[in-house]
Amino acid sequence: MRKSFPFYQQLDAMDCGATCLRMVARHYGRFYSLEYLRELTHIGKQGVDLLGISDAAEQIGLQSLAVKTTFDRLKSDIPLPAIAFWSQEHFVVIYRVSNTHVWIADPAAGKFKLTREEFLSNWLSHSEDGEGMGVLLLLETTPEFFERDGEKINKSSWKYVLSYFKRYRGLIGQLFLGLFLGSVIQIILPFFFKSVVDVGIGNVDVTFLGLIVTALLILFVTQAAIELFRSYILLHVGVRVNISLISDFLVKLTKLPIRFFDTRLTGDLLQRIADHERIQRFLTSTTLVSVFSFVNFIAFSIVLLFWSKTVFFIFWAATLLHLAWVVILQQRRRDLDYKRFDQSVENQGNLMELINGMQDIKLHNAEKQKRWAWERIQARLFRTGMQSLRIEQLQRSGAVLINDSKNLLIIFVIAKAVLDGQMTIGMLVAIQYMVGQMNAPLNQFVEFISNLQEARISLERMNEIHTKDDEEEVENKITLLPEFGDLIMENVYFRYDGPNSPTVLRKINVEIPKGKTTAIVGTSGSGKSTLVKLLLNYYKPSEGSVRLGDVNLSNIHNRLWRDKCGVVIQDGYIFNDSIARNIALGDDIIDKVKLLEAVKVANIQNFVESLPLGYNTKIGKEGLGLSQGQRQRILIARAVYKNPDYLFLDESTNTLDAYNEMIIMENLEEHFYGKTVVIVAHRLNTVMQADNIIVIEGGEIVEQGTHEELTYVRGAYYQLVRNQLELGA
């Protein structure tokens, strides 16, 4: 009987997103209050968007994916329930779909059975290639969703991986049915072979032989169909589980603090993601089938025990010896596998440097040195690979010796039994067939042990990331910004790597008034950029406090705070995407008015519109190459598009020529008039009009004031100005 889908009524016009999520969570067996989910979705005066619902879903342990799709795909491929964007202003839950009808739960009105036409008229939002498409948020459970309060999941355990299979209970049931039928066929075959020899050939009965051959043909066809069906299910389930594991890993990565990525090699993270292929190979290859083949192995063993106890004991003694030989050498392979992983990380990082740094390598004639460095890594990988290969060959050679000796001994024993009249020739043929069939699962099982160890190591590597603390505990954060938005730093000290590392900032006491422009200047390495990162809450101060108004910045939800901040940094990242999507980063639907305003302020409109594809021109590593000045202006346009209340410009114009710098700074001053702007710059002509200038040297604030005040006292700021503008004595 189909379980009735739970329904909750929204209490407010803005609650539809949170209420939809509440219904989906209840469908999967968990109860959450509406107020709790409202907080997680960052609901505001305009309600909530799809991204907010996604954040809340992942916070309670649901895996989310926003997609644009057609009705046909919704009907055949989309896991339900899913949240649909409805009439361009509302959210509903789709929990059942047929060819002609769709069942929805609308938190504003109730549960309805709609015709296909009624549904499409509300759901479709646009078309691509002539097909109508609508927006869905797909939601699936993860182990965290079922986690009890306070309980931590060991993600290096197979219990964690197997929990992903819960949603595929029906397919796994079919898999075991196929296993049972395949086992029955396998057990029947030896009796058929015995009958062919003893009855058909022994009695020269051609009719009987024909019947047996026909029956065997039917059995073989059935067995092939079952094997094909079983392989399809394993592939279908295994790939989906592997995608869920990688997605879970990436979700965790996005929740880690920025400090984690400062010290982590990119090659290491890429290698860990690529390492998931081992798990996929383990879940989808024939090695997993070997676990199911073990049932056949046991069934044949029982028949073998019934027909010949001597052969049974010989086979099992050799099998135990074979497994012991494999297990003894497996630990050494495990140590080498860890070693090979570390070397692969170094190799991947070296290759990335070789490719990305080719321009500088060639300019400095360093081709040989870099190639030799790569070859030295390859030599270490080769030595490790050879050690692993030697152990593998030793394993295989020992196994072949044990199996061949066992097979020869069994042939001798059953042949002698036939000669002594204790066994028929048909039984000899049947036993030989069974021994051959039992050898295959045994070899598969040995391979399974090896792949199991590799997959387990991959899980352990994943768990190293999963055990890291998240950047913040969302439940304990403030989700409303204080009314008075001055940024205040009180007695702030900062070190990057703990109490024994150098102090980068010390005794920082400063107030950045809301609605004013504040400039931070100083020599290179004085701590200017670090100070800005503390204001953005990228890092926590080692001592002291950073406050927004009367609230400690560390108590404010990072997503809320960064949503109000626009940032332009010198080494900002340009993604391999269109110009429009690089500027409107974070928006699924680009606001054309904001986009045009952003390129105008950044003084890059003429360049973009002169390109053949305009705003759809692909840039980044695989797209159109940009000059440093053009990259910088794209990054400025990105910050302007966001229209933040707080703008941080960290060396944002240092790659621009003087004319472009002047135009852009004037545009920014006009666009962000009345908003809080923090400028970090080496070129002092960009900060002269600031309401307050902070001079920092050696990690300490040495002066504060306006341009006129600081030049009058002829201190550190005056020296910087004189060096750049040659003011004279």
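**Salt bridges, backbone geometry and surface charge**

Glu-543 is partly exposed in the predicted model, with a relative accessible area of 36%. The fact that the model is predicted applies to every value reported below. Arg-495, the salt-bridge partner of Glu-543, has a relative accessible area of 17%. Since buried residues are those under 20%, Arg-495 is classed as buried. The closest N and O atoms of Glu-543 and Arg-495 are 3.5 Å apart. Glu-543 belongs to strand E11 (residues 543-548) and Arg-495 to strand E8 (residues 487-495), so this salt bridge ties together parts that are 48 residues apart in sequence.

The count of salt bridges comes to eight. Another of these pairs is formed by Arg-506 and Glu-700, whose closest N and O atoms lie 4.0 Å apart. Because Arg-506 is in strand E9 (residues 503-512) and Glu-700 is in strand E19 (residues 700-705), the pair ties together parts that are 194 residues apart in sequence. Arg-506 has a relative accessible area of 24% and is therefore partly exposed. Glu-700 is likewise classed as partly exposed, at 28%. The pair also takes part in a network of salt bridges that links Arg-506, Lys-507 and Glu-700.

A salt bridge inside one helix is found between Glu-375 and Arg-371, both of which lie in helix H15 (residues 367-419). The two residues are four positions apart, or about one turn of the helix, and their closest N and O atoms are separated by 3.1 Å. Partly exposed residues fall between the limits of 20% and 50% relative accessible area. Glu-375, at 35%, therefore counts as partly exposed, and Arg-371, at 38%, is also partly exposed.

The backbone was examined next. A cis peptide bond joins Leu-80 and Pro-81, with omega at about 5°. Pro-81 is located in the loop between helix H4 (71-76) and strand E2 (82-86).

The loop that connects E2 with strand E3 (90-97) contains Ser-87, and Gln-88 is found in this loop between E2 and E3 as well. Ser-87 has a positive phi of about 55°, although this residue is not a glycine. Gln-88, also a residue other than glycine, has a positive phi near 65°. As for accessibility, Ser-87 is partly exposed, with a value of 31%. Gln-88 counts as partly exposed too, and its relative accessibility is 44%.

Surface charge was considered last. A patch of negative charge on the surface is made up of Glu-597, Glu-666, Glu-669 and Glu-670. Helix H23 (residues 658-671) supplies the largest share of this negative patch, with three residues. Glu-669 is a residue of helix H23 and a member of the patch. The relative accessible area of Glu-669 is 52%. As the limit for an exposed residue is over 50%, Glu-669 is classed as exposed.

Notes
Residues are numbered from 1 along each chain as its sequence is written. This is a predicted model: local features need pLDDT of at least 70, side-chain atom pairs count only at pLDDT 80 or more; totals for chains, interfaces and linings use all residues. Side-chain values use heavy atoms; hydrogens and water are left out. A salt bridge is a side-chain nitrogen of Lys or Arg within 4 Å of a carboxyl oxygen of Asp or Glu. Buried means under 20% relative accessible area, exposed over 50%, partly exposed in between (1.4 Å probe, protein chains only). Patches are made of residues with over 30% relative accessible area and no salt bridge: like charges are joined within 9 Å, nonpolar side chains (Val, Leu, Ile, Met, Phe, Trp, Tyr) within 5 Å. Accessible areas come from the Shrake-Rupley method with a 1.4 Å probe; for residues, only the protein chains shown count as cover. Lys and Arg count as positive and Asp and Glu as negative; His and the chain ends are not counted. The place of a charge is taken as NZ of Lys, CZ of Arg, CG of Asp or CD of Glu.
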